[in-house]
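Colleague: I am new to this model and would like a close look at one part of it, after a short word on the whole. Please explain each term as you go.

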Amino acid sequence: MTNVFISSTSLDLTEYRKAAIEVCLRLGFLPIGMEYFGPMGVGATEGSKRKLDEADLYVGIFAHRYGYIEDGYDKSVTEIEFDYAGERQLERLCFIVHPQYEWPNTPQYRDDPARVQTFKDRISKDLIRIYFTSVDDFRVKLMQALDEWEDAHPKPVSTQRKFSPLLIGLLLLFLVLGIVGAAGASWYLSQPPYMTGQFNVAVATFKQVPENAPVAVSDAVRQRLLGILDTEYQSDILGFDVQVTSDRIGVINNASEAKELAKNINAHVVIYGDVIVSSDGNTASLSPRFYVAERYRSEVGELVGLYQLNQPIDFTTQDISAGSSIFYTVLQQRTSVLIEFTKALAYLISNDLQRAHATIDNAIKTAETTDQKQGIEILYLFGSTIARLDNDLDGAQENAEKALEINPNYGRAVLAEGNVYYDRGRNDYAAGDIVTAQENFATALSYFSQALRLENQPYGAHVTEKANVGFGNIYAIQYLIADLAQKADLAQKAIAYYQVAIDSYKASPDEVLKTLAVIGYYWSGVIYDEQNDDAAAEIAFNQALTLDPNTDFKSDIDQRLNQIKGGGT
């Protein structure tokens, strides 16, 4: 098992250290941290060195404290740990809090700023460091870094991700120290494994209704579905690693639980649902649902959330209990659309838009040949979004219109129509056809207005926020091309609409809302910059970078900030 030494100051980074320990344990690494140092008969500095001698990898977490300097030394324990790890030629994964991230301004969280900055400069000069913001942001980035490190340092299969006696001993130590306790150890050992594929599908335990039904079939149904998914992905040459698991995944009751599971185990799609058994126990039906996680492509945020593709799949309990091939065949036929859909998502994640486009079109054609139309509007939405990303605006519009024919109250499809006309307007504007651009922008605005009036939209759709960003985007472009007399009104409108999305993110942070907030901050900054309001522009740009230091807007933001500060022309 890989021993990971976790280095940081302690008073200011307690929650981040807890997150690091949790991530290490979840991924099968053994964390070594000051929390677990026993009596060694030496000082803090020498004790840290001894523990570093046991380590295979160093993880450093740095904020705005320099930390404790032991008598007889001229550097803090934290800096000496960094240096000693280098002397031992350990790989050092270093995480530094983003300079623009809001941080408490008290002695517990800040000290000796000059030495802190000098130390950070050394780290940045010698190594590739990763900026982090919140605890959740740090947790995700550490998971990614450890996964990448392990991929680059493969071990024999027999030694990978196994609970060794040493780890069990560590959990017992937690129990003795009162850090986790018996319930905590039991909780950890019962958690689903962290998924490491390039596309990950988690299949939850289906909820059987009623629980005291004459026969129990839900687990058998899940195992059959797992077999189908595994077979399909292994037989299809996708060109990347697809992982399907149900290991230690219990019942998922709703979309919010599916979202949390996806976040915790790195799943892209969570499949769950109910198996309803008749009162006599002779028949049952499966109602599958799936949740698309928000972690893979920010520009397709309209695809995130809860979906239900088909009407319930009916079967006899005798078929499933006896392992009938008839049931397997029927289930395979009825889930073929779901399988093609997940393949299209996988291609989308790998940025293979051509194959994603072809696969979602195939899923649509398969669904259109059945007499069950419930849920097919979801496929049209995905087809519209993928076609739009593939610059097929005619195909995108056709699919969006088909979705709205089936369900006129489908907010995501209304947004998809608006986005198509927005893209047409941008293309016309780039080609110098301002009149046609304005006509397309006006049509887009009508769709965004329609989306704002819709009620009862599904969990995670964020229709209101996306519509407001759509308004903001159009008014921002119109501001750039408008006559001077119109600019003030257009600027005010754009910033007001962006602020709706920004406020929503502040009230209820999630990845989709964060992406929308970054867009809002960026374009607000552009407008302020064009108005020569340097102070407001600088604040808006820095807010965008704080939320997403690697945003696609970063290059333009850096250039504009340099101009504001007089560093460029």
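What share of the contacts in the protein with a separation of 6 or more comes from residues 24 or more positions apart? Then please turn to R65: where does R65 lie, and which residues does R65 touch, leaving out those up to four places away in sequence?

Modeller: The share is 70%, where a contact means heavy atoms within 4.5 Å. This is a predicted model, in which local features need pLDDT of at least 70 and side-chain atom pairs count only at pLDDT 80 or more, while totals for chains, interfaces and linings use all residues. Residues are numbered from 1 along each chain as its sequence is written, and side-chain values use heavy atoms, with hydrogens and water left out.

The protein has 569 residues, and 53% of them count as buried. Buried means under 20% relative accessible area, exposed means over 50%, and partly exposed is in between, with a 1.4 Å probe and protein chains only as cover. The protein contains 22 helices and 12 strands; these are DSSP runs numbered from the N terminus, with helices (H or I) of at least four residues and strands (E) of at least two.

Now to R65. R65 sits in the loop between β3 (57–62) and α3 (77–87). R65 counts as buried because its relative accessible area is 18%. Leaving out residues up to four places away in sequence, R65 touches T9, L11 and D12, together with P107, Q108, Y109, R110, D111 and V116. With P107 there is also a polar contact: a polar atom of the R65 side chain lies 2.8 Å from the backbone oxygen of P107. A polar contact is a pair of N or O atoms within 3.5 Å; within protein, one must be able to donate a hydrogen and the other to accept it, and residues adjacent in sequence count only if both atoms are side-chain atoms.

H268 can be set beside R65. H268 is in the loop between α9 (255–265) and β9 (269–277), and H268 is buried because its relative accessible area is 7%. The H268 side chain reaches the backbone nitrogen of N200 at 2.9 Å.

As for cysteines, C24 counts as buried because its relative accessibility is 1%, and C94 is buried because its relative accessible area is 2%. Zero disulfides (pairs of cysteine sulfur atoms within 2.5 Å) are found in a search of the whole structure.

For contrast with these buried residues, take L480 in helix α18 (residues 463–481). L480 counts as partly exposed because its relative accessibility is 34%.
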